Amino acid sequence: MENQSLKPIAEWKETLEKRLLLFGHRNWLVVADAAYPAQSRPGIETVISGVSQQVAIEGVLEYLRACLHIRPIIHVDRELEFVTEEDAPGVDSYRKWLDGVMAGITFHSSPHDEIISRLDEAAQMFSVLVIKSTMAIPYTSVFFELDCGYWNAESEARLRSYISNNSVTVHHQDKQSGIA
């Protein structure tokens, strides 16, 4: 576990706040259940919160709402829809709580392995912060893929279209050196 950074419980919110100041689009945050594995990729940092999944998610959402430079694209495990109360007591009330806290927020439901693959791919170049909670119900992790808060996909598409439709090449000249 030498690539993992396990922080004392009291520091999870401080770590979150500091990382959010550094993070931008393509970084990820994860609020994970207690059994979430320690990942070995060097770009993934894990902190132990010592709090419930609900408290950790509410804390992350509160910090994200205050950030103007980033906005989350939220992913949840598709498997959560199929976990039964019989197999995981408390899952029904967690799903109800999650639906309530996510009211008005778009989130995507995908198979767990797909989300983990995307997270692993992102961690090859970008930092990921995993906040482990005390949750003891499977498939309850919430993944926050960060995107730019002041630029959206439509703006990017218009920019790319403008660039491709304007074949004029602009040359900048360094006036002191005469280099073009």
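In which helix does Tyr162 lie? Select Tyr162 and follow the backbone: the residue belongs to helix α5, which runs over residues 153–165. Keep in mind throughout that this is a predicted model.

**Stop 1: helix α5 and a surface patch**

Stay on Tyr162. This residue counts as exposed because its relative accessibility is 56%, and the cut-off for exposed is over 50%. Now add Tyr150, Trp151, Leu159 and Ile163 to the selection. Together with Tyr162 they make a nonpolar surface patch of about 570 Å².

Next, select Glu156 and Arg160. Both are in helix α5, 4 residues apart, or about one turn of the helix. Their side chains form a salt bridge, with 2.8 Å between the closest N and O atoms. Glu156 is partly exposed, at a relative accessible area of 27%.

**Stop 2: two more salt bridges**

The whole structure holds 8 salt bridges. Select Asp147 and Arg71 to see one of them: their side chains meet at 3.0 Å, N to O. Asp147 sits in strand β6 and Arg71 in strand β3, so this pair ties together parts that lie 76 residues apart in sequence. Arg71 is partly exposed, with 31% relative accessibility.

Then select Glu81 and Arg78. Here the closest N and O atoms of the salt bridge are 2.7 Å apart. Glu81 is partly exposed at 46% relative accessibility, and Arg78 is also partly exposed, at 35%.

**Stop 3: the two sides of helix α3**

Select residues 91–101, which form helix α3. Which of its residues are buried? They are Val91, Tyr94, Arg95, Leu98 and Val101. These residues lie on the same side of α3, because they cover an arc of only 130 degrees around the axis. Turn the helix to look at the other side, where Lys96 and Asp99 are exposed.

To see what covers the buried residues of α3, show the elements around them. The cover includes α2 (53–66), β3 (70–77) and β6 (142–148). Two of these strands appeared at the previous stop: β3 holds Arg71 and β6 holds Asp147.

**Stop 4: cysteines**

Finally, select Cys67 and Cys148. Cys67 counts as buried, with 16% relative accessibility. Cys148 is buried too, with a relative accessible area of 10%. Both values fall below the cut-off, since buried means under 20%. How many disulfides does the structure hold? The number is 0. A disulfide is a covalent bond that joins the sulfur atoms of two cysteines.

How values were computed. Residues are numbered from 1 along each chain as its sequence is written. This is a predicted model: local features need pLDDT of at least 70, side-chain atom pairs count only at pLDDT 80 or more; totals for chains, interfaces and linings use all residues. Side-chain values use heavy atoms; hydrogens and water are left out. Patches are made of residues with over 30% relative accessible area and no salt bridge: like charges are joined within 9 Å, nonpolar side chains (Val, Leu, Ile, Met, Phe, Trp, Tyr) within 5 Å. Accessible areas come from the Shrake-Rupley method with a 1.4 Å probe; for residues, only the protein chains shown count as cover. A salt bridge is a side-chain nitrogen of Lys or Arg within 4 Å of a carboxyl oxygen of Asp or Glu. Buried means under 20% relative accessible area, exposed over 50%, partly exposed in between (1.4 Å probe, protein chains only). The arc is that of the directions from the helix axis to the C-beta atoms. Contact means heavy atoms within 4.5 Å. A disulfide is a pair of cysteine sulfur atoms within 2.5 Å.
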